[in-house]
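Colleague: Please put the model up, and then let me ask what stands behind each of the labels you use.

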Amino acid sequence: MNFKRARNEEQRTERRLQILETAAAMLAEMPVAKLSLNELSRRVGLAKVNVLRYFDSREAVLLQLLDAEIQDWIAELERSFQPGEGTPRERGDRLAEILAESMAQRPVLCDLISAQAAVLEHNISTEVAIRHKHAAKHSMQALVQLVLRHVPELGAHGAPRVVEVTLLMATAAWPCDRPSEAMLAAYASDPALAAMRLDFTEVMRRTVEVTISGLLTRQKEPTSASPHP
């Protein structure tokens, strides 16, 4: 496919969308680690140097996709899940289940999150970093409000902690749920080893459950009075 150079802002916006859509399609076929700038350029039909006219780097493309994936995830949560009844603990358990299962159904989101700090936030410009962090801040605030809808008892201090743990746990648990061929063979060779394999959904659910219940318990505990001098 031959492209002419974009001459105005509308054409440049269209070209950026083509690059993002192509990268998103590639992530449906391969993990983040396998997506190269060379292959992205080939599929878009641009020379690599021309792709870099629109994005600083491969990482800048993927960061923008991450921001979009998180926004789509939040929108789905807001549409699909309504606060239920029960005790704070019961509602917290249900929220943990919702978060874990909804993330497990979005492998591209989980793969991007797992690569965010170690890979995607490197090899980018300050401008891209600022834009990404503003988008991340907005998403965090939306997630905090969603948590408060389900478990308002967590309060303004507890809800952000739940969001932090959810995202950090996804970062760590997702790669563990995608073992190498050698590790799969090792698990298959010995039932004792197979029991060590982590299940992303289950680990996420348990971790968020314990975080919520722990925060609720700590909030009920009386604060020790400061000793008099």
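Colleague: What makes residues of the lining of the largest cavity nonpolar, polar or charged, and how many fall in each class?

Modeller: The class follows from residue type, because Ala, Val, Leu, Ile, Met, Phe, Trp, Tyr, Cys and Pro count as nonpolar, Asp, Glu, Lys and Arg as charged, and the others, Gly among them, as polar. On that basis the lining holds eight nonpolar residues, one polar residue and no charged residue. Its members are Trp73, Leu99, Leu143, Leu146, Val147, Val162, Val163, Thr166 and Leu167, and since Thr is not named as nonpolar or charged, Thr166 is therefore the polar one. Two or more lining residues come from each of α7 (126-150) and α8 (155-176), with α8 giving the largest share, four residues.

Modeller: Before we go on, please keep in mind that this is a predicted model, in which local features need pLDDT of at least 70 and side-chain atom pairs count only at pLDDT 80 or more, while totals for chains, interfaces and linings use all residues. Residues are numbered from 1 along each chain as its sequence is written, and side-chain values use heavy atoms, with hydrogens and water left out.

Colleague: Why is that space called a cavity, and what is the volume of the largest one?

Modeller: A cavity is a set of points, on a 1 Å grid over the protein atoms alone, where a 1.4 Å probe fits but cannot get out, and a residue belongs to the lining if it has an atom within 4 Å of a point. Grid points are joined across faces, edges and corners, and the volume is the space filled by probe spheres set on the points. For the largest cavity this gives about 50 Å³, and the count at 30 Å³ or more comes to one cavity.

Colleague: What makes a set of residues a nonpolar core, and which members of the largest one touch the most others?

Modeller: A nonpolar core is a set of buried Ala, Val, Leu, Ile, Met, Phe, Trp, Tyr and Cys residues joined through side-chain atoms within 4.5 Å. The largest has 58 residues, of which Ile19, Leu40 and Met103 touch the most other members. Two or more residues come from each of α1 (9-27), α2 (37-44), α4 (58-80), α5 (88-104), α6 (107-120), α7, α8 and α11 (200-220), and the largest share, ten residues, from α4. Met103 is in contact (heavy atoms within 4.5 Å) with Trp73, Leu109, Cys110, Ile113, Thr166, Ala170, Phe200 and Met204, leaving aside neighbours within four places in sequence.

Colleague: How do you know whether Cys110 is in a disulfide?

Modeller: A disulfide is a pair of cysteine sulfur atoms within 2.5 Å, and the closest cysteine sulfur to that of Cys110, in Cys176, is 13 Å away, which is too far for a bond. Cys176 is likewise in no disulfide, its nearest cysteine sulfur being that of Cys110, and a search of the whole structure finds zero disulfides.

Colleague: Are Cys110 and Cys176 buried or exposed, and what decides the label?

Modeller: Buried means under 20% relative accessible area, exposed over 50%, and partly exposed in between, with a 1.4 Å probe and protein chains only. Cys110 has 0% and is therefore buried, whereas Cys176 has 38% and so counts as partly exposed.

Colleague: Why do Glu59 and Asn123 get the labels they have?

Modeller: Glu59, in helix α4, has 11% relative accessibility and so counts as buried, while Asn123, in the loop between α6 and α7, has 56% and so counts as exposed. Asn123 also has a positive phi of about 60° although it is not a glycine. The contacts of Glu59, again without neighbours within four places in sequence, are Val119, Leu120, His122, Asn123 and Ile124. Val119 belongs to helix α6 and, at 34%, counts as partly exposed.

Colleague: What makes a stretch of the chain a helix or a strand, and how many of each are there?

Modeller: Both are DSSP runs numbered from the N terminus, helices being H or I over at least four residues and strands E over at least two. The protein chain has eleven helices and zero strands. Of its 229 residues, 38% count as buried.

Terms used:
1 Å grid on protein atoms, 1.4 Å probe; cavity = no way out; pocket = protein on both sides within 12 Å on 5 of 7 lines; lining within 4 Å.
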